[in-house]
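Colleague: I would like to learn how to read a model like this one, feature by feature. Could you walk me through it?

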Amino acid sequence: MKPISIKGLRAASSIFALLFILNASGCAGAAGSPSVPAAAGTTAAAETTAVTETTAATETTMAAGTTTAAVPPTSTSAEQTAEAATTKALEKTASEETGTPSSPHSAPTSESDLPTLSVIYQDGTAVAEIPTQSGGYTLTIPQPDGTAQSIIACGADPLSDLAQRTKEIPYVEYGGQMILSFEDGSQPDSVELTDIILQKDGTSQFGERTYVHTTLECIDGKAEFTLEENPVVYLSSTINPEGFYRGFRVNCTWENGSAAEYGFVFRAGTCFPIESSPET
């Protein structure tokens, strides 16, 4: 029997150590999460494919002489959102600087496009909400053949309806501001006011010939005017200690031919007959 050389012992010990390591690795896989040979093979194959593709891409880039670094693709929707936000901010800044609307208002083609009207009276710290109501309207709807169709809806007269339904008509002083706000719809292209001295039931007291007409400019959905005395009240032959009932018809029109009517009512001023005096 030949003696075992030192070199042979080292070789045998190396083989034994290698077998021990492989066996220990298999046990660890069994003790932990179960190993999946197929998955391991797939991973190795994927890594090989990735290396191959990367190498091919590198070789292609080098062959083309391109030295630009790869840039990850950005989201198109994110770019569009950012661009829209920037545009809106610029429009808002331009609107604040010029005092004009930032974008045109489309004309109403359905009832939901018609704005609601609210009116606030303001005189220094005094603020009062003026009752308002909408009336009839006309909608101009474009047709596919290039023509237009008109839909007319008749509503109750806003002034008489307001005067009869509102329990307490607010009283205001001359010199304050009437602020008209058109909200939740398309801004009118023109606003015409008709100032009427009313009877208590909301009907005209002196007839159509005494109506006073005014045109207002509407900017950013708002129009306003200073409340002044209507000289028609001096035609009255009665004393009105609680103030005269006064109504404004608001006729709004749009460029496409659509129109809508609104109204608001309040009390203002007192007047004594010309032949009388406060003492009598």
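Colleague: Where is the place of D184?

Modeller: Gladly, and please keep in mind that this is a predicted model. D184 sits in the loop between strand 6 and strand 7.

Colleague: What is the phi of D184?

Modeller: First the general idea: most residues other than glycine have a negative phi. D184 has a positive phi of about 55° although it is not a glycine. Its relative accessibility is 67%, so D184 counts as exposed. D220 also has a positive phi, about 55°, and is not a glycine either. That residue, D220, is found in the loop between strand 8 (212–216) and strand 9. With 44% relative accessibility, D220 counts as partly exposed.

Colleague: Thanks! Now the sheet: what order do the four strands of the open sheet have?

Modeller: In general, strands of a sheet pair through backbone hydrogen bonds, either parallel or antiparallel. Here the order is 2-1-6-9, and the pairing is antiparallel. Strand 2 and strand 9 are the edge strands, each pairing on one side only. On average, neighbouring strands of this sheet are turned by 20° against each other, direction ignored.

Colleague: How many bridges join strand 6 to strand 9?

Modeller: Five bridges join these two antiparallel strands. As one example to find on screen, S181 has K222 in strand 9 as its bridge partner.

Colleague: Let us turn to the interior. Which residues have the most contacts inside the largest nonpolar core?

Modeller: They are M178, L180, V250 and F264, in a core of 28 residues. Strands that each supply at least two residues of this core include strand 1 (116–123), strand 3 (132–142), strand 7 (190–198) and strand 10 (244–253). Strand 11 gives the most to this core, with five residues. Apart from it lies another core, of seven residues, with L159, L162, I196 and Y245 among them.

Colleague: Which residues does V250 touch, not counting residues up to four places away in sequence?

Modeller: Among them are L117, L180, F182, V191 and L193, along with A260, Y262 and F264. The list also includes E192 and E261.

Colleague: And the aromatic residues: how many aromatic pairs does the structure hold?

Modeller: A pair of aromatic rings is described by the distance of the centres and the angle of the planes. This structure holds five aromatic pairs. For F225 and F248, the ring centres are 5.3 Å apart and the planes are at 45°, so the pair is tilted. F225 lies in strand 9 and F248 in strand 10, so the pair ties together parts that are 23 residues apart in sequence. Both rings belong to buried residues: F225 has 13% relative accessibility, and F248 has a relative accessible area of 5%.

Colleague: Is the aromatic pair of F264 and F266 stacked or tilted?

Modeller: F264 and F266 are stacked, at 6.2 Å centre to centre with 20° between the planes. F264 and F266 are buried. F225, F248, F264 and F266 form one aromatic cluster.

Colleague: One last residue, A259: why does A259 count as partly exposed?

Modeller: A259 counts as partly exposed because its relative accessibility is 22%, and buried means under 20%. The place of A259 is in strand 11. Not counting residues up to four places away in sequence, A259 touches Y137, T138, C252, T253 and W254. The C-alpha atoms of A259 and G136 are separated by 8.6 Å, although these residues are 123 residues apart along the chain.

Note on methods: Residues numbered from 1 in each chain as written. Predicted model: local features only at pLDDT ≥ 70, side-chain atom pairs only at ≥ 80, totals over all residues. Heavy atoms only, no water. Core = buried A, V, L, I, M, F, W, Y, C linked by side-chain atoms within 4.5 Å. Buried < 20%, exposed > 50% of the residue type's maximum accessible area, 1.4 Å probe, protein only. Contact = heavy atoms within 4.5 Å. Pairing = 2+ DSSP bridges. Axes fitted to C-alpha atoms, helices over the stretch in contact; angles between N-to-C directions. Phe/Tyr/Trp six-rings, centres within 6.5 Å; stacked < 30°, edge-to-face > 60°.
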